[in-house]
Structure formats: C-alpha cells, structure tokens
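Colleague: I should be grateful for a close look at one part of this model. Please give the cut-off behind each term as you use it.

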Amino acid sequence: MQIHKFATVMLLSTLPLFSQPSLAAEQTQTKQTTTTTAAKESGKLNLNTATLAELTTLKGIGEKKAQAILEYREKQGKFTSVDQLADVTGIGPATLEANRDMMMVK
C-alpha cells in the first residue's frame, strides 16, 4: 500500500513537466492569432503579413498568384503601398482594383 501511494505521488508530481511544451505552443498560437485578429478587425488583409491561404481569399488570386506575391515579398522586401502589388507577375490593374478595399500595408 505504501509503495502504491508513493508511486501515485511521484506520478502526479511529474505532470507539470508534461504540460510545459503545450504551454509554449499555446503562447505562440495566441501571438499569431492576435496579429491575424488585428488585421481582421480592420477588415483588410495586410500584404506584408498575409499567408498563402489568406491571399487566396482575395478576388482573382489563386494559389499560383498568392505564391508569386509571397516570393515578391521575400525578394523585394515589405510592400510600401497597395499599388505595389501591380509589380507582382500575374497581378494586373483589374485584380488590384477588385481587391483594393480589402488590402492594406502596415
């Protein structure tokens, strides 16, 4: 009986060690969610932080064009204006105008 109680106490004392990695993951997820939430609250997609999936929600932007936007951002740096999106291969004036009110640059 004593050994059973001792084993139970030892097992319960190690539980906090198992939960630490999940706490770190939750903190990271909260930070990302906060950034995404701030962008959504304004109702506009930030071209400098948007993910591939977020970019594909824009009108006329499929996976290939979204990938081209990400590659442009990696090579050229952050967008300084929404108009700069027209410099991305495959994005024309019509696509830019169709999405202008849904995008921002921060």
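Modeller: Contact means heavy atoms within 4.5 Å. By that criterion, and leaving out residues up to four places away in sequence, N48 touches R73, K78, F79, V105 and K106. I shall take the surroundings of N48 as the part to examine, and proceed from there to its neighbours.

The model is a predicted one, in which local features need pLDDT of at least 70 and side-chain atom pairs count only at pLDDT 80 or more, while totals for chains, interfaces and linings use all residues. Residues are numbered from 1 along each chain as its sequence is written, and side-chain values use heavy atoms, with hydrogens and water left out.

The framework comes first. The chain has 4 helices and 2 strands (DSSP runs numbered from the N terminus: helices are H or I, at least four residues; strands are E, at least two). Their order from the N terminus is α-β-α-α-α-β. The mean pLDDT of the chain, which is the predictor's confidence in each residue from 0 to 100, is 81, and 67% of the residues reach 70 or more. Among the elements, helix 3 has the highest mean pLDDT, 97, and helix 1 (residues 2-42) the lowest, 59. Of the 106 residues in the chain, 25% are buried (under 20% relative accessible area; exposed is over 50% and partly exposed in between, with a 1.4 Å probe and protein chains only). Among contacts between residues at least 6 apart in sequence, 49% join residues at least 24 apart.

N48 itself lies in the loop between strand 1 (45-46) and helix 2 (52-55). With a relative accessible area of 9%, N48 is buried. Its side chain makes two contacts with backbone atoms: the backbone nitrogen of F79 is reached at 2.5 Å, and the backbone oxygen of K106 at 3.1 Å. Both are polar contacts (N or O atoms within 3.5 Å; within protein, one atom must be able to donate a hydrogen and the other to accept it, and residues adjacent in sequence count only if both atoms are side-chain atoms).

F79 leads to the next feature. A search of the whole structure yields 1 aromatic pair. Its members are Y72 and F79, whose ring centres lie 5.4 Å apart with planes at 25°, so the pair is stacked. The terms rest on rings of Phe, Tyr and Trp (its six-membered ring) with centres within 6.5 Å; planes under 30 degrees apart are stacked, over 60 edge-to-face and the rest tilted. Y72 and F79 are both buried, Y72 at 15% relative accessibility and F79 at 3%.

Q84 brings a further side chain to this site. Q84 is found in the loop between helix 3 (63-76) and helix 4 (93-99), and at 15% relative accessibility Q84 counts as buried. Outside its neighbours up to four places away, Q84 touches Y72, K78 and F79. Thus K78 and F79 are contacted by Q84 and also by N48. The side chain of Q84 reaches the backbone nitrogen of T80 at 2.7 Å.

The loop that holds Q84 also holds D83, which takes part in a salt bridge with R100 of the loop between helix 4 and strand 2 (103-104). The structure has 2 salt bridges (a side-chain nitrogen of Lys or Arg within 4 Å of a carboxyl oxygen of Asp or Glu). In the D83–R100 bridge the N to O distance is 2.7 Å. The pair therefore ties together parts that are 17 residues apart in sequence. R100 also meets E97 in a salt bridge, at 2.8 Å, N to O, and D83, E97 and R100 are accordingly linked in a network. D83 is partly exposed, at 43% relative accessible area, as is R100, at 26%.

Finally, the annotation. UniProt, in an unreviewed entry, places the feature "domain: Helix-hairpin-helix DNA-binding motif class" at residues 53-72 and 83-102; positions follow the numbering used here, feature names are shortened, and annotations may be inferred rather than shown by experiment. Residues 53-72 are 65% helix and 0% strand, with the end C-alpha atoms 16 Å apart. Residues 83-102 are 35% helix and 0% strand, with the end C-alpha atoms 13 Å apart. K65, placed in helix 3, is partly exposed at 27%. Beyond four places in sequence, K65 is in contact with G60, G90, I91 and T95.
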